[in-house]
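Student: I would like a close look at a single part of this model. Please take one strand and work outward from there.

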Amino acid sequence: MNIAERSLDVHPRNLIDPHGLRNESGGFNSDRVRLSKYLTGGGTHFDEVKGLKLNSFILSPSTFHDAAIRRWAPDDSDEEFAAKCDDHNLIEMTPAGNANPTAYVRKIVDKTLSG
């Protein structure tokens, strides 16, 4: 996904993994899940490409409950768990109770443009 911001100084590029989380055994510590933190947390530097901003998102076609990833942090409250998922750019494509089936696209765009 390529989103051109109003400022030409920043060129975001998104890596989107649509394969869900059901078979992810490493939890929040897996390399796949931590990729977004690595890309945005100073783990990579692309000085030769000025203004490049990389993001990574993992989409879950099923709810996190149905994908059984709640087991990754069983002692966390629902709010703490949701914050961890948000922090790692893990997105439910159809969260429970959400009547808008494309809300996840808006979330990706908002997170991309917010920095």
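Tutor: Start at a strand end. Ser60 stands opposite Glu92 in E3. Keep in mind throughout that this is a predicted model. Another pair links the two strands: Ile58 has Leu90 of E3 as its bridge partner. In total, three bridges join E2 to E3, and the two strands run parallel.

Now cross to the other neighbour. E1 and E2 are also parallel, and seven bridges pair them. One of the pairs sets His11 against Leu52 in E2. Put the pairings together and the sheet appears. It is open, has three strands and follows the order E1-E2-E3, with parallel pairing. E1 and strand E3 (90–92) are the edges; each has a single partner strand, so one side of each lacks a neighbour in the sheet. From one strand to the next, the twist averages 35°.

How enclosed is E2 by the rest of the structure? Largely, because eight of its nine residues are buried. For the whole chain of 115 residues, the buried share is 38%.

Zoom in on one residue of this strand. Asn55 lies in E2, which covers residues 52–60. Asn55 counts as buried because its relative accessibility is 5%, and the cut-off for buried is under 20%. Its side chain has a polar partner: Asn55 and Asn14 are joined by a polar contact of 2.8 Å. The wider surroundings are easy to list. Leaving out residues up to four places away in sequence, Asn55 touches Pro12, Arg13, Asn14, Leu15, Leu39, Thr40 and Thr112.

Thr112 leads to the helix that lies over the sheet. Thr112 is one of the buried residues of H4, alongside Tyr104, Ile108, Val109 and Lys111. Viewed down the axis of H4, these buried residues fall within an arc of 165°, so they line one face of the helix. A general point helps here. An α-helix has 3.6 residues a turn, so residues three or four places apart point the same way. What covers the buried residues of H4? The cover includes E1, E2, helix H3 (78–87) and E3.

Next, the placement of that helix. H4 spans residues 103–114 and lies across E1, E2 and E3, running at about 155° to E2. Its length holds no surprise. The twelve residues of H4 reach 16 Å from first C-alpha to last, close to the 16 Å expected at 1.5 Å a residue.

For contrast, take another asparagine. Asn23 sits in the loop between strand E1 (11–17) and helix H1 (31–40). Asn23 counts as exposed because its relative accessibility is 74%, and the cut-off for exposed is over 50%. Asn23 and Ile69 are 46 residues apart along the chain, and 9.1 Å separates their C-alpha atoms.

Finally, step back to the whole chain. Four helices and three strands make up its list of elements. Along the sequence they follow the pattern β-α-β-α-α-β-α. Contacts over long sequence separations feature too. Of the contacts between residues at least 6 apart in sequence, 67% join residues at least 24 apart. The contact between Asn55 and Thr112 illustrates how E2 meets a part of the chain further along. To sum up, E2 is paired with E1 by seven bridges, paired with E3 by three, and crossed by H4.

Note on methods:
Residues are numbered from 1 along each chain as its sequence is written. This is a predicted model: local features need pLDDT of at least 70, side-chain atom pairs count only at pLDDT 80 or more; totals for chains, interfaces and linings use all residues. Side-chain values use heavy atoms; hydrogens and water are left out. Buried means under 20% relative accessible area, exposed over 50%, partly exposed in between (1.4 Å probe, protein chains only). A polar contact is a pair of N or O atoms within 3.5 Å; within protein, one must be able to donate a hydrogen and the other to accept it, and residues adjacent in sequence count only if both atoms are side-chain atoms. Contact means heavy atoms within 4.5 Å. Two strands pair if DSSP finds at least two bridges between them. Axes are lines fitted to C-alpha atoms, for helices over the stretch in contact, and angles run from 0 to 180 degrees between N-to-C directions. The expected span of a helix is 1.5 Å times one less than its number of residues. The arc is that of the directions from the helix axis to the C-beta atoms.
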